[in-house]
Amino acid sequence: MEIIKKQRKRDTEVKYLKQDELKKFFSAIEKSENKFWLRDLTAFQIIYYCGLRASELQLIKKEHYNKDTGEIFITRLKGSRNNTIRFDDKRKKLLNRYIREYTGNEDYQINEDDATLFKSKSGKPLELEWIRFLMKQYGVLAKLPKDKQHPHCLKHSIAVHLAESWVDLKDLQYYLWHINVNNTTIYFQYTTKQLDTFYEKLNKSSVLV
């Protein structure tokens with residue numbers, strides 16, 4: 001009974017953005033009057049696509065990204081192994097543009113390979129509180145529910161979206177590099193597409209008596 005209670009509590013903690021909410025969020029960043037919108041859009045796209053914690057975004061350096069292959073090395077924290085993620089064309093073009101436009105920026109100073117990739121205008125790595133503030137700021141513009149105006153929702157979002165796109169459990173565990181598969185299985189509870197397909201197959205099955 002205690003295990004069930006803990007599982008239910010954990011389930012209620014998982015907040016994620018649906019595809020339409022995520023599109024509104026990214027669109028709100030692009031349409032904002034913030035002159036650092038490109039930095040913010042790139043940062044949040046990477047948090048989403050790579051399934052990052054905000055603290056993991058802080059660890060990314062310019063040298064971790066291979067422009068030719070579109071691959072980025074990720075330092076994972078809290079129960080996950082470090083891994084390399086290959087960007088799709090959309091994310092690759094966005095990151096290339098960001099690096100190209102911000103490399104010569106005196107404030108950001110990402111000229112050196114060992115430079116932190118995402119910085120504040122003071123030249124220091126983006127602080128966790130600032131990342132959270134930006135997520136809330138853009139979340140308000142996108143009219144997201146208050147409980148989804150947190151960067152961790154982006155990490156949960158990619159996991160659920162991948163589960164909805166027929167990625168199996170082992171593939172998702174590999175993508176997120178969870179050491180414990182129980183950290184991965186939770187995301188399959190939030191997808192209805194696989195459940196609908198399962199019952200459709202079950203309804204058509206000829207092996208059931």
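This report describes a cavity, a pocket and two loop residues in a predicted model.

**The cavity**

The structure contains one cavity of 30 Å³ or more. The space in the largest cavity comes to about 30 Å³. Its lining is formed by Arg39, Asp40, Ala43, Phe44, Leu57, Leu126, Ile131 and Leu134. Two elements, H3 and helix H6 (128-141), each give two or more residues to this lining. Of the contributors, H3 gives the most, with four residues. Sorted by class, the lining of the largest cavity has six nonpolar and two charged residues, and no polar ones.

**The second largest pocket**

The second largest pocket encloses about 220 Å³ of space. A total of 14 residues line this pocket, and those nearest its centre are Lys23, Phe26, Gln45, Lys90 and Arg91. At least two lining residues come from each of H2, H3 and helix H5 (89-102). Here H2 gives the most, with five residues. The classes present in the lining of this pocket are six nonpolar, three polar and five charged residues.

The table sets out the two spaces by volume, leading element and residue class.

| Space | Volume | Element giving the most to the lining | Lining by class |
|---|---|---|---|
| Largest cavity | about 30 Å³ | H3, four residues | six nonpolar, no polar, two charged residues |
| Second largest pocket | about 220 Å³ | H2, five residues | six nonpolar, three polar, five charged residues |

**Asn34, between H2 and H3**

The loop that joins helix H2 (19-31) to helix H3 (37-50) contains Asn34. A polar atom of the Asn34 side chain lies 2.9 Å from the backbone nitrogen of Phe36. Leaving aside residues up to four places away in sequence, Asn34 touches Asp40, Leu134, Gln137 and Tyr138. Among these partners, Asp40 and Leu134 also appear in the lining of the largest cavity. The loop residue Asn34 thus touches residues that belong to the cavity lining described above.

**Tyr16, between H1 and H2**

A second loop, between helix H1 (2-13) and H2, holds Tyr16. Tyr16 counts as buried because its relative accessibility is 15%, and the buried class covers values under 20%. Tyr16 and Lys148 are 132 residues apart in sequence, yet their C-alpha atoms are 6.8 Å apart in space.

**Summary of the elements**

Helix H3 recurs in this account: H3 follows the loop that holds Asn34, gives four residues to the lining of the largest cavity and supplies at least two residues to that of the second largest pocket. Helix H2 precedes the Asn34 loop, follows the Tyr16 loop and gives five residues to the lining of the second largest pocket.

Notes
Residues are numbered from 1 along each chain as its sequence is written. This is a predicted model: local features need pLDDT of at least 70, side-chain atom pairs count only at pLDDT 80 or more; totals for chains, interfaces and linings use all residues. Side-chain values use heavy atoms; hydrogens and water are left out. A polar contact is a pair of N or O atoms within 3.5 Å; within protein, one must be able to donate a hydrogen and the other to accept it, and residues adjacent in sequence count only if both atoms are side-chain atoms. Contact means heavy atoms within 4.5 Å. On a 1 Å grid over the protein atoms alone, a cavity is a set of points where a 1.4 Å probe fits but cannot get out, and a pocket is an open set with protein on both sides within 12 Å along at least five of seven lines; lining residues have an atom within 4 Å of a point. Grid points are joined across faces, edges and corners, and a volume is the space filled by probe spheres set on the points. Ala, Val, Leu, Ile, Met, Phe, Trp, Tyr, Cys and Pro count as nonpolar, Asp, Glu, Lys and Arg as charged, and the others, Gly among them, as polar. Buried means under 20% relative accessible area, exposed over 50%, partly exposed in between (1.4 Å probe, protein chains only).
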